[in-house]
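This report covers one helix and two buried polar or charged side chains. The sequence and the model are shown first.

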Amino acid sequence: MTTEAMTFDIWAPAASSLTLLLDGERHEMTATSGGWWTAPEGVSGTDYGYLVDGEETPLPDPRSRRQPESVHGLSRTFTSDFEWSDTSWTGRQLAGGVIYELHLGTFTPQGTLDSAIEKLDHLVSIGVDFVELLPVNGFNGDHNWGYDGVLWYTVDETYGGPAAYERFVDAAHARGLGVIQDVVYNHLGPSGNYLPRFGPYLRTGSSNTWGDSINLDEPAVRSYIVDNALGWFRDFHVDGLRLDAVHALVDESPKHLLQELSERTDALSAFLGRPLSLIAESDLNDPKLITPREGGSGGYGLQAQWSDDFHHAVHVALTGETTGYYADFARLDSLAKVMTHGFFHDGTYSSFRERDHGHPIDTEHMPAWRLVVANQNHDQIGNRAVGDRLSAQLDADQLAIAAVLTLAGPFTPMLFMGEEWGASTPWQFFTAHPEPELGKATAEGRIAEFAKMGWDPTVVPDPQDAETFRRSKLDWDEPADGDHARLLQLYRSLAALRRDRPDLTDPRMSRLSAEFDDEAKWFALHRTDTDGAGTSILVNFADFPVALPYGGSVLLATTDTVAASSAEILLGARSAAILAR
């Protein structure tokens with residue numbers, strides 16, 4: 001990932017002998033201190049691998065920049081000669097921003113970084129500030145969901161490799177878009193993980209949902225992660241990292257890896273002179289992650305974390321689905337609590353986990369933008385039995401309500417690709433493992449996963465079937481037609497309103513209050529100034545009209561059945577409005 005001269009040095013304390021195979025020639029390496037090995041001085045070349053303990057099959061470099069054949073093949077050096085045009089780019093702060101999450105392989109028909117560049121102007125038109133790429137690092141097979149990566153320093157060749165990644169980031173910055181890269185530091189994929197052959201990268205006797213835990217007790221492994229994170233910022237000019245499933249990190253050291261990453265990232269940000277953001281995906285509902293480190297608070301100082309509780313509350317309010325982890329969100333009090341306090345489970349009992357869960361947020365001091373929320377995302381769609389979006393369950397009016405709650409709510413909104421026009425294409429879980437036994441195990445594992453959610457295992461698509469991948473690609477002809485076009489226009493109107501109304505990006509959670517009626521199925525979120533003025537989001541989830549005692553000027557309405565006076569507002573069935581009071 002670095003543009004410095006290649007040294008071929010490698011950390012491999014598990015090896016008793018090591019040979020560098022470079023462009024077909026062998027070079028014996030020398031063990032040095034700390035488990036490191038060094039190649040003879042002056043060697044140079046392009047394609048290389050390592051022969052461990054006299055074996056004849058070369059292994060790829062754990063810090064490989066390129067894998068032109070596969071994650072099992074030789075590594076290739078990469079020295080960038082790209083002429084960046086973003087020297088005047090000063091970055092974007094996360095506060096007030098809108099994130100757009102996409103998977104490169106299914107975002108465009110071609111599934112490449114260069115083809116994604118052609119769609120960046122579309123993102124600008126809907127008010128996006130950051131484009132977030134699902135993991136791009138090296139995986140085995142022709143396509144992948146993104147979370148089976150094994151070579152963290154690569155950009156997979158199917159997407160165009162590291163040179164294409166540079167072009168993408170540069171093009172995004174030219175349009176005023178920041179780039180957030182999703183990275184996975186909690187596990188490795190099932191095929192092509194040769195790290196244990198080199199050293200103790202994995203934690204003995206400790207595993208998570210996806211396999212063996214990463215050995216964060218080993219300083220060299222921690223450096224492997226930190227160097228990777230800083231490289232995305234420094235060498236590829238990205239503006240943020242989304243840290244996958246940080247609750248799966250097993251770290252018993254005095255300073256947690258997340259705090260170390262935060263400190264190092266802030267230091268690099270000061271040097272580069274632009275904001276750099278770390279966003280945690282966390283199942284912990286713990287504000288410690290986003291509490292600033294200053295003043296001995298004990299916080300890790302990350303810029304933001306996801307709040308899945310928001311998704312669950314909105315999903316249940318719109319769909320009525322209450323199986324599995326949705327059960328606790330059956331009433332509108334969950335939506336009210338999430339909107340005003342950030343988490344629903346903040347020390348309360350979680351029936352899905354069968355224990356108390358979470359910790360409360362200090363709403364007097366914590367800015368709302370530190371929570372990233374979505375009504376759909378790759379997990380909540382792809383981890384459903386058939387990968388169905390909200391558009392498969394809701395009509396256009398209900399999708400519009402989801403958009404208003406997300407984009408006009410108090411938090412940092414994140415859209416999932418195609419959401420803005422109610423894409424009809426699913427986004428299913430897909431793999432392309434070349435190993436038949438691994439493909440079979442993956443398919444069987446998916447079926448077993450859905451037992452607790454109460455979904456029919458017979459409808460689960462085969463992740464190894466190429467059609468599962470193809471049907472998950474966006475249809476870019478849809479946005480021009482009917483309800484798709486009308487929903488897209490609503491997203492653009494919401495983007496314009498966010499730019500025009502400071503209330504909609506005001507981070508003060510102490511200004512928020514909510515009202516609701518479970519029987520009549522309406523919900524109201526108010527932002528109120530000290531003089532009583534403010535903005536309200538009003539939602540009618542029911543299939544009948546409702547009159548609410550809130551008067552003011554309608555800034556945006558999702559249907560033409562909304563009418564307001566100085567004393568009240570009439571909301572038609574399945575409608576929402578933003579009201580200036």
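The expected span of a helix is 1.5 Å times one less than its number of residues. The model discussed here is predicted. Helix 11 has twelve residues, 396-407, so it should span 16 Å, and the distance of 16 Å between its end C-alpha atoms agrees with that.

Because ten of those twelve residues are buried, helix 11 is largely enclosed by the rest of the structure. The buried set consists of Gln398, Leu399, Ala400, Ile401, Ala402, Ala403, Val404, Leu405, Thr406 and Leu407. At the N-terminal end, Asp395 acts as the cap, with a side-chain oxygen 3.1 Å from the backbone nitrogen of Asp397.

Ile401 of helix 11 is also among the contacts of Asn540. Asn540 belongs to strand 22, residues 534-540, and is buried at a relative accessible area of 0%. Its side chain comes to 3.4 Å from the backbone oxygen of Leu571. Beyond neighbours within four places in sequence, Asn540 also touches Ala520, Lys521, Trp522, Pro545 and Val546, as well as Gly572, Ala573, Arg574 and Ser575.

Glu132 sits in strand 9, residues 130-133. Which side chain of opposite charge is nearest to Glu132? That side chain is Arg242, at 4.2 Å; Glu132 is buried and has no salt bridge. The cut-off for a salt bridge is 4 Å. Apart from neighbours within four places in sequence, the contacts of Glu132 include Arg242, Tyr100, Trp306 and Met414.

The side-chain distances are collected below.

| Side chain | Partner | Distance |
|---|---|---|
| Asp395 oxygen | Asp397 backbone nitrogen | 3.1 Å |
| Asn540 | Leu571 backbone oxygen | 3.4 Å |
| Glu132 | Arg242 side chain | 4.2 Å |

Key
Residues are numbered from 1 along each chain as its sequence is written. This is a predicted model: local features need pLDDT of at least 70, side-chain atom pairs count only at pLDDT 80 or more; totals for chains, interfaces and linings use all residues. Side-chain values use heavy atoms; hydrogens and water are left out. Helices (H or I, at least four residues) and strands (E, at least two) are DSSP runs, numbered from the N terminus. Buried means under 20% relative accessible area, exposed over 50%, partly exposed in between (1.4 Å probe, protein chains only). A polar contact is a pair of N or O atoms within 3.5 Å; within protein, one must be able to donate a hydrogen and the other to accept it, and residues adjacent in sequence count only if both atoms are side-chain atoms. Lys and Arg count as positive and Asp and Glu as negative; His and the chain ends are not counted. Contact means heavy atoms within 4.5 Å.
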